[in-house]
Amino acid sequence: MGMQDTLRALADPTRREILNLLKQSRLSAGDIADHFSISGAAISRHLSVLKEADLIRDQREGKFIYYELNATVLEEIMLWISELKGGNDHDKTT
């Protein structure tokens, strides 16, 4: 997956909120859905987009699937943004 997929996934406010929830701890799809007033199918689609962009990982435990944040991809995006804006203090005026 490329950066385009990651940025597309991050563009949606619901997906960003899901990432914020997963920042605290891993959650099941049902736990995630409890925080939103949208259908379970919509949550499932958002989770699929996040997973395809490698922003989250899932792990099956019995009949439940738990989702957790994959911070590595976010770190790569932050590094790219930092490099894009200069990433140093040379361009600051005094």
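**Exercise 1.** Determine in which sense strand 2 and strand 3 (residues 64–69) pair, and over how many bridges.

*Solution.* Strand 2 and strand 3 pair in the antiparallel sense, over six bridges. Here strands are DSSP runs (E, at least two residues), numbered from the N terminus, and two strands pair if DSSP finds at least two bridges between them. The model is predicted: local features need pLDDT of at least 70, side-chain atom pairs count only at pLDDT 80 or more, and totals for chains, interfaces and linings use all residues. Residues are numbered from 1 along each chain as its sequence is written, and side-chain values use heavy atoms, leaving out hydrogens and water.

Next, locate individual partners. Ile-56 stands opposite Leu-69 of strand 3, and Arg-60 has Ile-65 in strand 3 as its bridge partner. Finally, inspect the hairpin: two residues lie between strand 2 and strand 3, and Gly-62 takes a positive phi near 65 degrees.

**Exercise 2.** Establish the strand order of the sheet and identify its edge strands.

*Solution.* Begin with strand 1, which runs antiparallel to strand 3 and is joined to strand 3 by two bridges. In this pairing, Leu-27 stands opposite Tyr-67 of strand 3. The three strands therefore form an open, antiparallel sheet in the order 1-3-2. Its edge strands are strand 1 (27–28) and strand 2 (56–61), each pairing on one side only.

Methods. Helices (H or I, at least four residues) and strands (E, at least two) are DSSP runs, numbered from the N terminus.
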